[in-house]
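Okay, thanks for coming, everyone. I'll keep this short: a pocket first, then a pair of helices. Have a look at the screen.

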Amino acid sequence: MDGIDLGGLNYAAIVVGVVINQLIGMAWYTVLSRRWMAETGQTQQDMEAMKGTPRQWYPYVVAIASALVFVLGLAVLIQGLGAEDAVDGVLVGLLAAVAFIMTTSAMNYAFEGRSLCLYGINNGYHIVAFVVIGALLGAWQ
């Protein structure tokens, strides 16, 4: 594993990537909120009932921590694979999203009996995020 140099990563780009991930998620799930709620069996009243409880903020803590890990991991992959620009970053991001996210969640969705629509909503977000953040990391090394 000679290609991994944690000291050589651009940590500013990683932090920006985490922020971008949150912005993409906010936009994605705002646009698809009604369909997502229908697919998950939640109502607007359920959302209102979460206000002022840990259930309101806990998912955001998990999302930010998870984004930090995945953006760091994507940066290591981009570096280790020798990506040199935004296009290379897009390709690595797409590879990571399809190979790791879409396949593993497909197994869970199949066994849990969740809908293909929900799979598309949730994994579409991951594809967009990984591709955009891959471009950022590939360009800003």
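Before anything else, a word on terms: when I say "helix", I mean a DSSP run of H or I with at least four residues, numbered from the N terminus. And keep in mind that this is a predicted model.

So, the pocket. The largest one has a volume of about 1,400 Å³. Its lining takes in 34 residues, and the ones nearest the centre are Tyr29, Trp36, Pro59, Tyr60 and Ala63. Which helix gives the most to that lining? That's helix 4, with nine residues. Helix 4 has company, though: helix 1, helix 2 (33–40), helix 3 (44–49), helix 5 (86–112) and helix 6 (116–139) each put in at least two residues as well. As for chemistry, the lining of the largest pocket splits into 16 nonpolar, 14 polar and four charged residues.

Now let's stay with helix 4, residues 54–80, and look at how it packs on helix 1, residues 11–31. Their axes sit 9 Å apart, at an angle of about 135 degrees. Angles over 145 would count as roughly antiparallel and 65 to 115 as roughly perpendicular, so helix 1 and helix 4 come out as oblique to each other. The crossing of these two is right-handed.

Who's touching whom? On the helix 1 side you've got Tyr11, Ile14, Gly17, Val18, Asn21 and Gln22, and they meet a set in helix 4 that includes Ala63, Ile64, Leu68, Phe70 and Leu72. By class, that contact has 11 nonpolar residues, three polar and no charged ones. Ala63 turns up in both stories, by the way: in this helix contact and by the pocket centre.

Methods:
Residues are numbered from 1 along each chain as its sequence is written. This is a predicted model: local features need pLDDT of at least 70, side-chain atom pairs count only at pLDDT 80 or more; totals for chains, interfaces and linings use all residues. Side-chain values use heavy atoms; hydrogens and water are left out. Axes are lines fitted to C-alpha atoms, for helices over the stretch in contact, and angles run from 0 to 180 degrees between N-to-C directions. Angles under 35 degrees count as roughly parallel, over 145 as roughly antiparallel, 65 to 115 as roughly perpendicular and the rest as oblique. A crossing is left-handed if the near helix is turned anticlockwise from the far one by less than a right angle, and right-handed if clockwise. Contact means heavy atoms within 4.5 Å. Ala, Val, Leu, Ile, Met, Phe, Trp, Tyr, Cys and Pro count as nonpolar, Asp, Glu, Lys and Arg as charged, and the others, Gly among them, as polar. On a 1 Å grid over the protein atoms alone, a cavity is a set of points where a 1.4 Å probe fits but cannot get out, and a pocket is an open set with protein on both sides within 12 Å along at least five of seven lines; lining residues have an atom within 4 Å of a point. Grid points are joined across faces, edges and corners, and a volume is the space filled by probe spheres set on the points.
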